[in-house]
Amino acid sequence: MVVPVAILFFIFHTIPFLQGIFYSFTNWRGYGDWEFVGLKNYLHMFQDADILNSYLFTFKFAIISTILVNVIGLFLAIGLNAKIKFQRFLKAVYFLPYMLGTLIIGFIFNFIFAHLVPEFGIGAGIEALSVNILGTEYAWLGIVIVTVWQSLAFTTLIYLSGLQTVDQDIYEAADLDGASGFTLFRKITFPLLAPFFTINMVLSAKGFLMAFDQIVAMTNGGPGTSTTSISLLIYKKGFTGGQFAYQSANSVVLFLVVVIISIVQLRILEKREANMG
C-alpha cells in the first residue's frame, strides 16, 4: 500500500526538489541555455531589496498569525470542551472554514473587504471601515484576519483532542484543593496540553512561513509589494520574471529557514514540556 504512494511522492516531489537545488547553481531562466554560476545566486540574495522585504513581511505575518491562532484557538477549545448547549453543532461550525479551499475563502473575503465592509462603514459613519483595507497600508491586517479565521479550525481541533485526554479526576482533585479559574488553567490545563501546544506552534509557524494562496487571492502581493510573501515572490519572479534559477536558490533558502525554525521551536518547546513535567 505504501509503495505506490512513495513512488508518486518521489516522482512529483523529491525529483523536482532535487532539480530545483541543481538549477539554483545555474543562471537558467526557465528556458534556453544555461551555465553554472556557483554560489552567485545565493550571494546576490543578500543584496536584493525585494527578497529582504519579502522575508520581513513573511516573518511579521507568520509571528503575528501564529500567536493569534494559538491563543484564540486554545480558549475556543476550552469553551467548546465545557458543558454547553449545542456543543456538537458549534464544533461543526468552527471546523467548517478548514473544509473550504484557501483560494475560495480569499476571493470571498476580497469581495467582502472591497464592497460589503466599505458599504457598512459609510452607512454607519465609521471612517476606518469606509475604505477597502486591502488597498491600504494595513492590507496585511486583512490577510491576518482571514488566515487566523480559517486556521482556527484545525488548531482548535488539536487542542480539543488534547483536552479530552485529560483525566477528569485531576480537575476534581484540584477543585478539592481550592484551585479554580486562571490558577486551574495555569497549573493543570496548560501543562497537560503542552505537547499539543508544541504541535500547533510548529505546524502553524511552518504553514504561515509558506503563505501563498490567501495572499494571491486577496492582494496578489499589493499594494505595490507590501504584502508579497517569499513564496509569492518565488512564484512571480521564477515563473514569469525569467529568474527561475535565482528563485530556485531563494526556495532552497526558504526551505532551510523553515526547517531550522521548526527544529528550534521543537527543541525549546520540548525542553519546556520537560520542565513542566
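**A tour of two pockets and one annotated domain**

Begin with the second largest pocket of this predicted model, which encloses about 400 Å³ of space. To find its middle, select Tyr 98, Gln 150, Ser 151, Gly 207 and Phe 208, which are the closest to the centre among the 17 residues that line this second largest pocket. Next, colour helix H6 (139-163), helix H9 (194-209) and helix H10 (213-218), since these are the elements that contribute two or more residues each to the lining of the second largest pocket. Helix H6 gives the most to that lining, with 5 residues. If you then colour the lining of the second largest pocket by residue class, you will find 8 nonpolar, 8 polar and 1 charged residue.

Now move to the largest pocket, whose volume is about 740 Å³. Select Phe 17, Ile 234, Ser 251, Val 252 and Leu 254, which lie nearest the centre of the largest pocket out of the 19 residues lining it. Showing helix H1 (2-23), helix H11 (230-240) and helix H12 (244-276) brings up the helices that each supply at least two residues of this lining, and H12 accounts for the largest share, with 8 residues. Coloured by class, the lining of the largest pocket shows 12 nonpolar and 7 polar residues, with no charged residues.

Finally, select residues 55-265, where an unreviewed UniProt entry places the feature "domain: ABC transmembrane type-1". Over this stretch the chain is 78% helix and 0% strand, and if you mark the C-alpha atoms at its two ends you will find them 19 Å apart.

Technical notes. Residues are numbered from 1 along each chain as its sequence is written. This is a predicted model: local features need pLDDT of at least 70, side-chain atom pairs count only at pLDDT 80 or more; totals for chains, interfaces and linings use all residues. Side-chain values use heavy atoms; hydrogens and water are left out. UniProt positions are given in the numbering used here, feature names are shortened, and annotations may be inferred rather than shown by experiment. Helices (H or I, at least four residues) and strands (E, at least two) are DSSP runs, numbered from the N terminus. On a 1 Å grid over the protein atoms alone, a cavity is a set of points where a 1.4 Å probe fits but cannot get out, and a pocket is an open set with protein on both sides within 12 Å along at least five of seven lines; lining residues have an atom within 4 Å of a point. Grid points are joined across faces, edges and corners, and a volume is the space filled by probe spheres set on the points. Ala, Val, Leu, Ile, Met, Phe, Trp, Tyr, Cys and Pro count as nonpolar, Asp, Glu, Lys and Arg as charged, and the others, Gly among them, as polar.
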